[in-house]
Amino acid sequence: MNKDEIKHRLESVEIPEPGQDAKERALKLTMAEFNRLPTGTDQKNIKGISMVGRLIGKLLKGGPAMRKPLYISAGLAMGFMALIIVIIPRAGRFGSNLPADMKVESLLRSYSPAKAPQSKLTNHSAPSPVAAMRAGKQSYKDIAAAPMIKGSKRDGFQDQTYVGRDRFENFKPNPVQLVSEAPVSTFSIDVDTASYAFVRKALNRGVLPPKHSVRIEELINYFDYAYPIPGDRNLPFKPTISVFPTPWNPDTKIIHIGIKGLEIVPEKRPKANLVFLIDVSGSMQNQDKLPLLKNAFRMLVETLGSEDTVSIVVYAGAAGTVLEPTKATEKGKILSALDALRAGGSTAGGEGIRRAYDLAVANYDPDGVNRVILATDGDFNVGIRNPEELKGYVERKRKTGIYLSVLGFGQGNYNDALMQKLAQNGNGNAAYIDTLNEARKVLVDEAVSTLFPIANDVKIQVEFNPAEVAEYRLIGYETRQLRREDFNNDRVDAGDVGSGHSVTALYEITLVDSKGKLIDELRYSDDETADKSGTAKRSGEYAFLKIRYKIPGTQASNLITEPIGTAVEYSSFSKVPSEARFGSAVAAFGQLLREDPFIKTFEYDDVIAIANESKGKDEFGYRAEFVNLVRLAKTARSM
Amino acid sequence: MEPIDDMELIDLAKSGNSRAMEDLFETYYMTVYRLAYKWCGIKEDAEDIAQEVFIKLVKKLNTFSQKSSFKTWLYRIVINTAKDFARQRATKWAYESAFIHQQRSTNPGHIEKDRLITIRLFADIHKLPEKQKEAILLVFGEGLSHKEAAQIIGCAETTVSWRIHQARKKLKKSHELEI
């Protein structure tokens, strides 16, 4: 066993999460000890008004941290509250529903609130998850801005779940909706596939993936589906719709919506201006990180055209430009720069991401694809520590035409939640690379689709017909929900479809006459009102699909509409086209992994049966691999 | 936005700012817990060790001087606390088997070969003399340099290198026996 292997094994050993109660107890005892000791008491006295002036001055400046704890009586504090809340945008680690005086008191007790604690120690291999979570989740969120983001889930960093040191955003499956109450469902498409690779990695290790790492839409969209592409070359894609009996529930039906983007023929594709932003911090030295990353980028470089350019920026101890923009014709130069990368360096920081964007700007091609490709294991010490700020930065850059893709590597430190957020805000895609095969899939086979978007801000809205459908639920896309009014608002960002990409969404619907309804009818509902208001009972039409998208480079969106009705319905599951059947199998698998409540008697073996029958041509063996994963899931135990 | 660094946090905590102390706790709890777990292999013990470490940290905070790095200082407290703990708690073979037991119980029934090797490696590390074990865990487990490890353990850099060398010889032997 060599050094690296010992290191790797010591790093990868599974460590059970400490009990929350044990941690709280430790904190209580620590603080009790802290308060008992003289250091903790000598300065906790009331200070005069002059301190308030100094306090506000310091808060405004965000300068050197407050050295002294302050206590101000509630009355006095109230007077300053409004002022303080307005002038300190990043003051709150406290929910806005705290009593005002408590909020101010806590605020005043705190040291410089504009700063997130940074850990030098843990940067060594990873930022302290706790510190990062605090920075992201509760500590330094905008109080002043809070009401504005409220209700808009996609803007906020939500709760995250830790699995080892990997971080995932928490979410619940979409609830069953009553058509009479919420007839319209709106979401942004998602072409990320990171979740599938993460699930695969866990299952290959013999453990079930953590529930929150399973995003069903990403499992489904991992696979390429042979949906027909539009005959009209002016349209970037067209929806393929089918309705069929739900394999896991005899009382419901599935609405299957598939989209396949036009493929850009390689000769016609725009020039690419790519900047690799590579994490070379100490934690990247495992075999499944930097070495895999180098191989992956090497493959990508091989596929580039002669006009494309590549630059490389690394970050760890210090951010540095390893390779100035270089034409792909000088392949040797690029490859040797890649080869020279070594993991090492323990401190955070640098200007990594800014420098990468600067290079992209310097080499900007208005007609080409300008993209920063960030490769990391989750150590986002890229110079901007606050996730909200980082997100904002990426979003502003997106508006200048530079997109961001995020490639995740390794395990143990993987910050899934942040990667997703970044990629979403940067108009990019997030992928998780666990094997060289996956690298080939993402960077070579799908390079064209991941690098060249053919439609931006693709949103889907489905309106259900209450005369036919009683209940519906969207399977997956929990983290991609949009508000109804966002659909027509072209300023609201959404996912992009790349050349040749396929995107699939499934709804499970319960018809009005079905006995499988989950929600009781209202006793006092007034049936007549509906009729009076003119809702035509359009029999044979379940729902109406609307898709909005923008042609890259334009600001106004286009609309595609299509009714969903009995015309595209299949009476039995076995008659359904194999692509839709396979998608359903993957959807069922995701729900089983997540232990969602909507799947009752359906089992892994049923998934295997459907997937086996609907594998189709399966040129690269991805679907066969899926069947294997389902088998692994049968025997795996939860983590 | 320039982040607040550890030194500032520590200064603040020293001056009695309890929020800063809480942040120190939050920032380092997992680091401490993970090292403690690797040392002992029992979740409950690692929790207890982590708790003890922070109480000690509060008590000793005033003695911490900026000359030594906080990281070195904290690791030293963790290692010493863990050692004390092991002494109180029967013998280390208990840890060795407890580790295997706990690793198995988190994933009963199915342990693939790769994981088994990791578990065995840990069991072997727990069999090492304490001094070699701490050297291995700090250098390989935490990724520290020999120099940093030497500062934590309080010995010469060459001593650390020697202990690592010895430890690796033993690990290698035991690994070969198993295969």
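**Helix pair H9/H21.** I looked up which residues join helix H9 and helix H21 of chain A in this predicted model. A:Tyr196, A:Arg200, A:Leu203 and A:Asn204 of H9(A) meet A:Tyr622, A:Glu625, A:Phe626, A:Leu629, A:Leu632 and A:Ala633 of H21(A) (contact is heavy atoms within 4.5 Å). I sorted these contact residues into 7 nonpolar, 1 polar and 2 charged (Ala, Val, Leu, Ile, Met, Phe, Trp, Tyr, Cys and Pro are nonpolar; Asp, Glu, Lys and Arg charged; the others, Gly among them, polar).

I then checked the geometry. The axes of H9 (194-204) and H21 (622-635) come within 9 Å and cross at roughly 50 degrees, so the two are oblique (neither under 35, nor over 145, nor 65 to 115 degrees).

**Conventions.** I noted that residues are numbered from 1 along each chain, and chains are lettered from A. Local features need pLDDT of at least 70 and side-chain atom pairs 80 or more, with side-chain values taken on heavy atoms.

**A:Asn465.** I found A:Asn465 in the loop between strands E14 (453-464) and E15 (469-475) of chain A (strands are DSSP E runs of at least two residues, helices H or I runs of at least four). A polar atom of its side chain lies 2.9 Å from the backbone nitrogen of A:Ala467. A:Asn465 is buried at 10% relative accessible area (buried is under 20%, with a 1.4 Å probe on protein chains only).

**Positive phi.** I looked at two non-glycine residues. A:Asp457 has phi near 45 degrees; it sits in strand E14 and is buried at 10%. A:Tyr477 has phi of about 60 degrees. I placed A:Tyr477 in the loop between E15 and E16 (495-498), buried at 1%.

Terms used:
Buried means under 20% relative accessible area, exposed over 50%, partly exposed in between (1.4 Å probe, protein chains only). A polar contact is a pair of N or O atoms within 3.5 Å; within protein, one must be able to donate a hydrogen and the other to accept it, and residues adjacent in sequence count only if both atoms are side-chain atoms. Axes are lines fitted to C-alpha atoms, for helices over the stretch in contact, and angles run from 0 to 180 degrees between N-to-C directions.
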